[in-house]
Amino acid sequence: MKKEAKGRKKVIVLATGGTIAGVGENGNNTGYTSGVLGSDELLSDALGRLKGTPFSFDIKTIQISNINSDDIDSKIWIKMVKYINSFSKRDDVLGFVITHGTDTMEETAYFLSITVNTDKPVVITGAMRPSTAVSPDGPGNLIDALYAASDEASAGRGVMVVFSGRIIEGASVKKRSTFSPDPMTGREIGYIFDGKAIYKEGKRSSRHIFDISEVNELPVVTIMYFNAEASAVLLKFSAGISKGLVIAGAGAGEYSEEYLKALDEIKVPVVISSRVEECFVGRDMLLSDKTIASGSLSPQKAAILLRAALTQTDNIPELKRLIEEICIG
């Protein structure tokens with residue numbers, strides 16, 4: 001990396017690994033190893049494709065981890081948040097880019113959305129093809145993310161995901177495909193065109209922000225996927241080794257009589273979501289008044305919200321009020 005010019009603004013790149021940093025047999029899209037290239041190598045490869053077109057800002061890279069995103073954990077999430085919340089106080093920092101694997105990108109994006117406390121843009125990107133593919137998508141996505149993170153129009157819009165030229169709200173993003181070079185879906189709020197972030201709508205409304213400045217890792221929450229003849233024994237076992245549960249129910253968060261009876265014996269908070277792609281679980285849809293409604297949150301995002309909320313309280317009525325207020329209003 002070249003030395004930063006004195007007085008220039010900067011974008012900070014936090015690298016975590018993933019396919020964007022993957023290396024495999026030249027020309028192949030599969031059979032690669034994630035998290036091989038370091039942050040400086042990623043940036044050098046991406047900038048080399050600009051053919052001399054300079055940015056008007058400097059770039060500072062920080063290697064948070066270098067792993068497959070299936071191995072991401074709450075310690076890494078918290079490390080990212082603390083870096084962002086700290087660096088965002090500096091006048092010379094424009095925004096942040098996080099390079100990340102796509103498998104758990106939606107979970108990281110949601111966690112950051114409820115814990116990062118800054119109006120400066122936080123942009124997550126990645127790739128579906130490794131750096132050694134015939135046509136790797138990572139360099140272009142990284143360049144687009146840098147443009148989004150540095151653009152004045154991006155301020156105050158919360159966490160965003162940039163992929164294939166599209167800008168998606170971080171809180172709503174999810175992976176929809178295991179093979180498409182445009183795998184992420186969610187509420188699309190804009191796009192990148194000729195190095196500019198173009199937005200379709202106004203800035204986000206206020207969002208609840210959890211203070212995790214004194215937290216080192218999140219409490220364990222287990223997701224229980226309900227299916228026909230799902231065992232309530234496993235439900236009770238999971239409650240015994242977890243601080244909370246999320247049930248990915250059928251339909252609008254429904255489950256069997258066996259599950260319902262087991263809930264009477266469970267002492268940890270239980271959030272109800274749905275395994276259905278387009279779902280909503282409201283307060284009046286709950287089969288047990290001991291459980292907590294998650295609105296339209298997917299099971300994995302409901303688990304993150306419960307984990308964050310548990311850092312504030314383990315009182316079930318208070319958790320119910322807090323989570324349902326966030327999810328339903």
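Student: What secondary structure does the protein have?
Tutor: This predicted model has 8 helices and 14 strands.

Student: What makes the protein as compact as a globular protein of its length?
Tutor: Set its radius of gyration against the globule rule. The radius is 21 Å, and the rule gives 20 Å for 329 residues. The two values are close, so the protein is as compact as a globular protein of that length. Along the principal axes, the C-alpha trace spans about 65 × 45 × 35 Å.

Student: How many of the residues count as buried?
Tutor: Of the 329 residues, 55% do. The cut-off is a relative accessible area under 20%. The accessible surface totals about 14900 Å², and carbon and sulfur atoms contribute 49% of that.

Student: What share of the contacts joins residues at least 24 apart?
Tutor: The share is 70%, counted among contacts between residues at least 6 apart in sequence.

Student: How many charged side chains are there, and how far apart are the centres of the two sets?
Tutor: There are 38 positive and 41 negative side chains. The centres of the two sets lie 6 Å apart.

Student: Why are E11 and E14 said to stand at the edges of their sheet?
Tutor: Start with the sheet. Its 4 strands are ordered E11-E12-E13-E14, it is open, and the pairing is parallel. E11 (221-225) and E14 (292-293) each have a single partner strand, so one side of each is left without a neighbour in the sheet.

Student: How do you know that E11 and E12 pair?
Tutor: Count the bridges. Pairing needs at least two bridges between the strands. E11 and E12 (residues 244-249) have 5 and run parallel. They therefore meet the pairing criterion. Within this pair, Met224 has Ile247 of E12 as its bridge partner.

Student: What makes strand E1 mostly covered?
Tutor: In E1 (residues 10-17), 8 of the 8 residues are buried.

Student: Which strands are joined to E1, and by how many bridges?
Tutor: E3 (residues 93-99) is joined to E1 by 6 bridges. E2 (residues 58-67) is joined to E1 by 7. E1 runs parallel to E3, and E1 also runs parallel to E2. On the E3 side, Ile12 stands opposite Phe96. On the E2 side, Gly17 stands opposite Ile67.

Student: Why is E5 called largely enclosed?
Tutor: Because 5 of the 5 residues of E5 are buried. Val159, Val161 and Phe163 point one way, while Met160 and Val162 point the other way, and all are buried.

Student: How do E4 and E5 pair?
Tutor: E4 (residues 122-125) pairs with E5 in the parallel sense, over 3 bridges. Ile124 stands opposite Val161 of E5.

Student: What makes the phi of Ser164 worth a remark?
Tutor: Most residues other than glycine have a negative phi. Ser164 has a positive phi, near 55 degrees. The residue lies in the loop between E5 (159-163) and E6 (166-169).

Student: Is Asp194 buried or exposed?
Tutor: Asp194 is exposed, at 70% relative accessibility. The cut-off for that class is over 50%. Asp194 sits in the loop between E9 (188-193) and E10 (196-199). Its phi is also positive, about 50 degrees, although Asp194 is not a glycine.

Student: Why are Ser164, Asp45 and Arg275 called partly exposed?
Tutor: That class runs between the buried cut-off of 20% and the exposed cut-off of 50%. Ser164 is at 35%. Asp45 is at 28%. Arg275 is at 39%. Each value falls in that class, so each residue counts as partly exposed.

Student: Where is Asp45 found, and how far is its C-alpha from that of Leu287?
Tutor: Asp45 is in helix H1 (residues 39-48). Its C-alpha and that of Leu287 are separated by 53 Å. The two residues are 242 apart along the chain.

Student: Where is Arg275 found, and which residues is it in contact with?
Tutor: Arg275 is in the loop between E13 (270-274) and E14. Leaving aside neighbours within four places in sequence, Arg275 is in contact with Tyr225, Phe226, Asn227, Ala248, Gly249 and Ala250. Arg275 and Leu42 are 36 Å apart, C-alpha to C-alpha, and 233 residues apart in sequence.

Methods
Residues are numbered from 1 along each chain as its sequence is written. This is a predicted model: local features need pLDDT of at least 70, side-chain atom pairs count only at pLDDT 80 or more; totals for chains, interfaces and linings use all residues. Side-chain values use heavy atoms; hydrogens and water are left out. Helices (H or I, at least four residues) and strands (E, at least two) are DSSP runs, numbered from the N terminus. The radius of gyration is taken over C-alpha atoms; the globule rule is 2.2 Å times the number of residues to the power 0.38. Buried means under 20% relative accessible area, exposed over 50%, partly exposed in between (1.4 Å probe, protein chains only). Contact means heavy atoms within 4.5 Å. Accessible areas come from the Shrake-Rupley method with a 1.4 Å probe; for residues, only the protein chains shown count as cover. Lys and Arg count as positive and Asp and Glu as negative; His and the chain ends are not counted. The place of a charge is taken as NZ of Lys, CZ of Arg, CG of Asp or CD of Glu.
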